[in-house]
Structures are given as C-alpha cells and as structure tokens.
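I opened the notebook to record what I looked up in this structure. The entries follow the order in which I checked things.

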Amino acid sequence: MFLGIFLLHSDARKYTPCLRIPKHRTSNAGNTTRVVVGDAWYPRSALPTGIDFRRTGEVVTAVRDQAACGSCWAFSAMESVEGQLGMNGHLTRLSAQNLVDCVTDDYGCGGGWPDDALAYVEKTGIDTESTYPYAGVDQTCNETEANNHTHIDFYAEVTGGIDVQLQTALFLFGPVSIAIYVDDDFEAYTSGVYDSNACPTDRPNHAVLLVGYQHDYWIVKNSWGESWGQSGYVYMNRSRHNICGIASHAVVPVILPRSLRASMGRVSRLNNSVSHDASYPSEGFRSVFTPHDLPRSRAYMLAKKGS
C-alpha cells in the first residue's frame with residue numbers, strides 16, 4: 001500500500017511514488033527509540049529565535065535531484081546522517097543509492113520509509129556518494145563492495161506532532177528527517193512562505209530534511225533539484241501548527257562525538273526521556289542520552305553561530 005499521492009516534479013517528469021509502508025509492518029511506526037523532547041530536555045525560553053544549519057559551517061550538502069525514482073525516503077535519511085557528520089566536523093557526501101539498493105525492508109524506487117534507512121545505517125553503515133553514485137533506478141545491492149563509510153550510534157523518533165519538540169530536536173541534534181504531505185500546490189511552490197489550510201497532518205507522502213527555522217517559517221530541504229522552489233528549498237509556515245504533518249513523523253540519527261562515546265561506552269539511558277510502546281520489540285530500542293551530555297558543544301555552538 002502506498003502512502004499518499006504521486007509526485008510531479010517541476011520538469012514535468014512522470015509521477016513517482018515516494019513513501020511506502022515497509023514490508024515488515026502495516027503502519028509507519030518503526031522500532032525506534034521514542035524521544036520526548038521539549039521543556040523537560042531544554043527550556044523553550046533558551047531556544048534561539050532562528051537557526052539555519054546551511055549557514056553554520058559545513059553541516060548541509062548541496063541540493064540533489066532524486067529524478068524519476070521514488071527515493072525521497074533514502075535522501076531524507078541519508079542527508080540527516082550527513083548532518084551528523086557535519087555536526088562532528090566531518091561533512092561527507094553519502095550515498096542515497098546505497099540505501100535504495102540495499103534496504104530490503106523497503107521498495108527502492110518504489111518507495112520506503114526513513115526509519116528503515118537509518119536502521120540499515122546503524123547496523124550496516126552507508127557508503128560515500130563517490131564510491132556508490134546515484135543512478136536513480138533500482139540496482140542490485142553492492143554493499144559487499146561498498147566501503148560502508150559511516151555508521152550512526154542510534155536514531156530516535158521525535159514524537160507528539162508538537163512543533164516545539166521538533167524545534168528542540170533540531171536545535172539539540174541538527175538536521176532532522178521529516179515526512180510531510182505534499183500535493184500539486186506544493187509542487188508548484190517557487191518562493192515566499194508556503195502555507196496550506198487543506199494540508200492533512202496524518203497522511204505523509206514525501207520525505208524531506210529540516211535544516212532550520214526562522215520566526216515565521218521552517219527551512220526545509222527538498223530532493224527535486226536546485227531548479228525547484230527557492231534553490232531546492234521550501235519555507236513552510238510556522239504559524240500554522242504542524243503544517244502538513246511536519247512534526248508528526250520526525251526522526252533524527254545521532255553520531256556521538258568520539259570523546260563522548262569513549263566516556264559513555266554504549267550510550268547511557270535516560271529513563272525519564274524515553275517512552276516505550278508495548279507493541280515494539282524491546283530489542284528494537286536504543287538508549288538515548290540527556291542533551292546535557294553534549295555540554296553545549298555541537299548543537300548549541302552551531303545554533304548560536306547561526307542565530
């Protein structure tokens with residue numbers, strides 16, 4: 001079953017499906033740690049009025065084009081991992097094609113879900129784009145020859161569909177993979193702040209990357225090339241709560257700084273910041289850590305630099 005509509009790209013390509021419920025489950029809930037972020041993690045009053053990770057050093061790579069392949073899920077997940085590399089000072093262009101070909105729970109160019117891509121990166125790793133270049137079609141998985149350059153320590157859902165939780169997660173961890181609802185009106189976006197009062201919050205059909213916010217809009221990176229929108233980006237209205245479900249299906253990977261990983265061993269658990277869903281197998285969970293463990297090193301300094 002496909003989630004949502006088909007997407008029409010700005011160069012009048014054929015519609016292509018993008019998000020699709022994975023083979024191993026019948027809902028879009030994954031086996032991820034569910035992290036409740038908000039005032040309990042970081043005071044709302046301490047959040048910056050604006051942040052733009054495009055302007056805080058090397059955190060966000062250039063806009064790409066998924067072409068006629070329904071691989072938005074792979075781009076969204078892969079670019080969130082790139083953001084983690086950038087937050088640690090090692091920005092590298094990673095391979096969406098690696099995910100398209102090798103995430104067996106999903107459907108390659110026929111659609112998928114970012115959580116599954118991040119689960120693959122955590123377990124197997126992801127190669128660089130230069131070694132595993134994007135083809136925009138389904139291929140045989142080449143992971144035996146891939147370098148699997150990057151792993152993540154864990155990944156976590158930002159739950160609740162609450163804007164301030166998404167804002168806090170972005171501030172603390174960096175670029176966030178999000179799933180939103182798009183239609184022809186969204187496809188036709190060229191400039192300004194995108195708004196829609198008819199946009200559902202519970203029917204995601206496209207995955208993108210949240211890289212920042214300003215007072216009245218979210219800064220969202222798309223994967224339809226630089227000719228779409230504002231050089232490949234869309235600014236989405238923040239005054240409309242959870243516009244198009246922007247905060248309903250957010251997931252963020254984490255790569256711990258080496259010094260923190262060494263001092264913590266395997267990531268310590270902060271019980272009062274994690275809620276478990278009984279339907280999830282326990283082995284699917286990963287530990288999370290309090291943002292105070294970051295000692296205002298990565299996200300705080302970058303946000304201050306870009307505020």
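**Entry 1: Ile246 and the cores.** I started with Ile246 in this predicted model and listed its contacts, leaving out residues up to four places away in sequence. Ile246 touches Asp163, Leu166, Ile178, Ile180, Leu210, Trp218, Val220 and Met236.

I then looked up the largest nonpolar core, which has 48 residues. Ile246 is one of the residues with the most contacts inside this core, together with Ile178 and Met236. Next I noted which elements supply at least two residues each to this core: strand 3 (154–158), helix 4 (163–173), strand 4 (176–180), strand 6 (206–213), strand 7 (217–221), strand 8 (233–237) and strand 9 (250–254). Which of them gives the most? I found that helix 4 does, with seven residues.

Another core lies apart from this one. I recorded 31 residues for that other core, including Cys72, Leu99, Cys109 and Ala207.

**Entry 2: helix 1 against helix 3.** I turned to helix 1 (residues 72–87) and helix 3 (residues 114–123), whose axes come within 8 Å. At what angle do the two axes cross? I read roughly 50°. Angles from 65 to 115 degrees would count as roughly perpendicular and those under 35 as roughly parallel, so I wrote down helix 1 and helix 3 as oblique to each other. Their crossing is right-handed.

On the helix 1 side, the contact is made by Trp73, Ser76, Ala77, Ser80 and Val81. On the helix 3 side, I listed Pro114, Ala117, Leu118 and Val121. I sorted the residues of this contact by type and got seven nonpolar, two polar and no charged.

**Entry 3: how covered helix 3 is.** Is helix 3 mostly covered or mostly uncovered? I found it mostly covered, with eight of its 10 residues buried. The buried ones are Pro114, Asp115, Asp116, Ala117, Leu118, Tyr120, Val121 and Glu122. I checked what these residues pack against and noted helix 1, helix 2 (96–102), strand 3, strand 4, strand 6 and strand 9. Just after helix 3, I saw that Gly125 takes a positive phi of about 100°.

**Entry 4: Leu19.** Last, I looked up Leu19, which sits in the segment before strand 1 (33–35). Is Leu19 buried or exposed? Its relative accessibility is 1%, and buried means under 20%, so I entered Leu19 as buried. I also checked the C-alpha atoms of Leu19 and Trp73 and found them separated by 6.4 Å. Along the chain, Leu19 and Trp73 are 54 residues apart. Trp73 had already come up in my second entry, as part of the contact between helix 1 and helix 3.

Conventions
Residues are numbered from 1 along each chain as its sequence is written. This is a predicted model: local features need pLDDT of at least 70, side-chain atom pairs count only at pLDDT 80 or more; totals for chains, interfaces and linings use all residues. Side-chain values use heavy atoms; hydrogens and water are left out. Axes are lines fitted to C-alpha atoms, for helices over the stretch in contact, and angles run from 0 to 180 degrees between N-to-C directions. Helices (H or I, at least four residues) and strands (E, at least two) are DSSP runs, numbered from the N terminus. Angles under 35 degrees count as roughly parallel, over 145 as roughly antiparallel, 65 to 115 as roughly perpendicular and the rest as oblique. A crossing is left-handed if the near helix is turned anticlockwise from the far one by less than a right angle, and right-handed if clockwise. Contact means heavy atoms within 4.5 Å. Ala, Val, Leu, Ile, Met, Phe, Trp, Tyr, Cys and Pro count as nonpolar, Asp, Glu, Lys and Arg as charged, and the others, Gly among them, as polar. A nonpolar core is a set of buried Ala, Val, Leu, Ile, Met, Phe, Trp, Tyr and Cys residues joined through side-chain atoms within 4.5 Å. Buried means under 20% relative accessible area, exposed over 50%, partly exposed in between (1.4 Å probe, protein chains only).
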